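Thanks, everyone, for making the time. I would like to walk through a few local features of one model, and I will try to keep to what the coordinates themselves support.

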Amino acid sequence: MEADLRVLLVVWILSTMGASPELASEVTVPLVPVDAVEGRSVKFPCDVSSPNPADKVYMVFWFKDDSGVPLYSFDVRGMPLDQAHHYSAPDVFGNRASFRTVTDPACLLVDEVHRNDEGVYRCRVDFRNSATKSFRYNLSVIVPPEHPVVFDRLGRQLNMTVGPLDEGDGIALICRVIGGNPPPSVVWLKNNQVVDDECEHAAINAMENRLHWPSVSRQDFGSVFTCRASNTKLMDPRQASVVLDLRLPPLTVTFSAIDEVLVADRRYDIQCNSAGSRPPASITWYRNDKKLPKMKQDDVKENATSSEMTFVPTTDDNGKSITCRAENPQVPKMALEENFILKVVFAPIVSLRLGNSIDPNGIKEGDDVYFDCHVKANPPSTKLTWYHNGATLNLNSSTRTMKSDNNLVLQRVTRNVAGRYACRATNSEGESYSNELSLRIKYAPGCKTDRVMVIGASRGESMDVPCEVDADPPAKGFRWKFNNSGETIDIGPERYISNGTSSVLRYTPVADLDYGTLSCWAMNGVGHQSVPCLFQMVAAGKPQSVHNCTVRNNTDGAVDVQCEPGYDGGLQQVFVLEVFAESLDSQTDGEMLYRNMTDRTSPRFSLGKVALGVLYTARMYAANAKGKSTAVTLPRFSFPSSENQMGFGVEVLKVSPILITILSVCLFLIMLVIIVIVKLKTANSRKRNSRQPSGGDKQVIVHQRSNGQVASSILETDTDPDLIQVKYDPSDAPKMRNGGVQFSDDAHDPSVAGWIAANAAVAQTSQLPLSSSSSSSTGTLRRGTAGTA
């Protein structure tokens, strides 16, 4: 800080001295010119050596023009030369200037010279004892020109080359140089020999030199024409060069042999040859005016070129020309061409569209429609066939379906003729199908199903009744009515919700008069629905139990279980048979599920052939969307071990375990007697045979387990069996949980549980709507004791 204050004090003193009369009396210092290139550096010498070797420099100051304020100072007072204080005025040179004493003489180095740096600079050197020395320099800043730009006679900028030109052509080159101070000189050189040094001002800040070369010859090929611009020797001149390019055209171009008739989409190889071009010609293929790609490189030998093209003609190529064009790429105006006309045959190309005057989105029932089948074929097509939804369309006036030339006419259309249409054309090259075109016929709404939908509901149970219609465009409104034997009621729109395809009515029967018929109509932009959708509301509940059950074997030895169905509760029902098995050798009462069978049509099941020596128990029940009936449990049964097939159909009896033990002991004693006495053996055998059924009859053994013992009895079959007495299990009654039906033995019957859940979902959205615990509200139609919602 103290050093800066000293410098500022000296600067103030010197500025005061510079304005004093004493300085005006100094001897005039000679002015030395100095040139510098803009953007580069410049040095101003300033000798700081003293005439007196004992003396030393004290201060060095630099001034510009007549200013008395130094722009740069070098303060050596009281310190070594290499530790002197430097000061550069920031509004002049700033950090671009530095005073260097390591050179001889010392100098002020200025980097990145600016144009406004021009002027007269003075260096003043003060010594401790010797007289002051001064040096003056006149700085001129030279602005170099921009790089030359070469143009042709049309004003197009040239890069690297001029041409290609033909022999005898003249050259007109324009070299333009922008900028430069002082203005540069612009000259033309050919192969480093000056051929034109006359330049002229093209604009205020531009110089031009126009070169006119009257005629070029083959010897001029490859000559380098250089435009050079320079305004100082402090830097290399700036220049731009172009190389002269010449060309020679091809002499011949010919085709190899080609088939006269071509088949569409078939591959052909065509060869074209050219000669006489220098450099060798380049061959290009064209189809009409469209350039074709080449799959192979041209074969070039000296001045001859051969090109092969793989060509696949299309149906659009018939009548077009294939052209082989040989040219020197540098002489495009002197190319040679050879061409031939294509004759292409192909199967028909077929496209289908509606008639021009028909709006595809505005066709309604009763309108007339026609299609246009556009056929392109060579040779022309000989047969045209029409299709509707993939099947051949029969054309006759009775169905109001006719054709005229390539048109299909549909008169007074109905929704039944909507769908996909196509046509097929045939010629000697083959047959082709058109695109499929969808015909949309708008019509008034109608029910998706033509039958009356029966919906079962209990009193107080809310049902969602869906009315689904088929309409195009979609329905924009619905209306509902309810009627029974005594009255008809219009249902307000607040009782149902609708969209474009369906309307859902929330209905709750609360009395007998609320069971009747619901009617639903829809309307759209075409018209109103003429026949309503009907829904018959009936009282619904759980199905009744099956009855009149029998168990018998059929002719192939399989066991059948058959029952008569009970009332279905007003809803579709399903029948379930569960068969449990227990081994006769087991002393415990453990049962295992042997078979679980479901039938959606009737309570008739076939168990197939079952294992011997196993005790079976069968249970059957019916189920619908409201729940399941009480299960009917059939008494236990099994097969005797001596037979593989047993007859059934007799009344089942319970067998005591004591009887089984007695019979076993008797049989054992009889076997011993047979071995000892032959006569007793015969008598005992007759006695045993009299106890067995005849060969045409079959047995069934009915077992009853009690206190860990199994009692058995053998019964004769009957061709007209009695019905098996059934027993009812109150535990099988369905229970309600969270508004739904739950069965106590669902674990034994997962298929039925799934069926009930699935039917409940289907009924909710179609024929069998179920009550939903998530319903937010229930509306009611009031008519005394009847209500709808």
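Let me begin with a definition, since the first part of the talk depends on it: two strands are taken as paired if DSSP finds at least two bridges between them. Please also keep in mind throughout that what you see here is a predicted model.

With that in hand, strand 46 and strand 47, the latter covering residues 559-564, pair in the antiparallel sense over 5 bridges. One position in this pairing can be named explicitly, namely R552, whose bridge partner in strand 47 is D560. The wider arrangement is an open sheet of 3 strands in the order 46-47-50, with antiparallel pairing. Strand 46, residues 547-553, and strand 50, residues 604-608, stand at the edges with a single partner strand each, so one side of each is left without a neighbour in the sheet. From one strand to the next, the twist averages 15°.

Let me turn now to the aromatic residues, where the structure holds 16 aromatic pairs. The one I would pick out is W213 with F225, an edge-to-face pair whose centres are 5.7 Å apart and whose planes make an angle of 75°. Which parts of the chain does this pair tie together? W213 lies in strand 16, residues 206-213, while F225 lies in strand 17, residues 224-230, so the pair links parts that are 12 residues apart in sequence. F225 has a relative accessibility of 1%, and it counts as buried because the cut-off for that class is under 20%. Elsewhere, F44, W62, F93, Y121 and Y137 form one aromatic cluster.

Two rings also have a charged side chain over them. R479 lies over the face of W521, at 4.1 Å from the ring centre, and K628 lies over the face of Y621, at 4.2 Å from the ring centre.

Finally, I would like to look at one serine in a loop. S50 is placed in the loop between strand 2, residues 42-45, and strand 3, residues 57-64. What does S50 touch, if we do not count residues up to four places away in sequence? The answer is D55, F127 and S130, and with S130 there is in addition a polar contact of 3.0 Å between the two side chains. Within the loop region, a polar atom of the S50 side chain lies 3.2 Å from the backbone nitrogen of N52.

That is where I will stop, and I am glad to take questions.

Key:
Residues are numbered from 1 along each chain as its sequence is written. This is a predicted model: local features need pLDDT of at least 70, side-chain atom pairs count only at pLDDT 80 or more; totals for chains, interfaces and linings use all residues. Side-chain values use heavy atoms; hydrogens and water are left out. Helices (H or I, at least four residues) and strands (E, at least two) are DSSP runs, numbered from the N terminus. Axes are lines fitted to C-alpha atoms, for helices over the stretch in contact, and angles run from 0 to 180 degrees between N-to-C directions. A polar contact is a pair of N or O atoms within 3.5 Å; within protein, one must be able to donate a hydrogen and the other to accept it, and residues adjacent in sequence count only if both atoms are side-chain atoms. Contact means heavy atoms within 4.5 Å. Rings of Phe, Tyr and Trp (its six-membered ring) pair if their centres lie within 6.5 Å; planes under 30 degrees apart count as stacked, over 60 as edge-to-face and the rest as tilted. Buried means under 20% relative accessible area, exposed over 50%, partly exposed in between (1.4 Å probe, protein chains only). A charge sits over a ring if NZ of Lys or CZ of Arg is within 6 Å of the ring centre and within 35 degrees of the ring normal.
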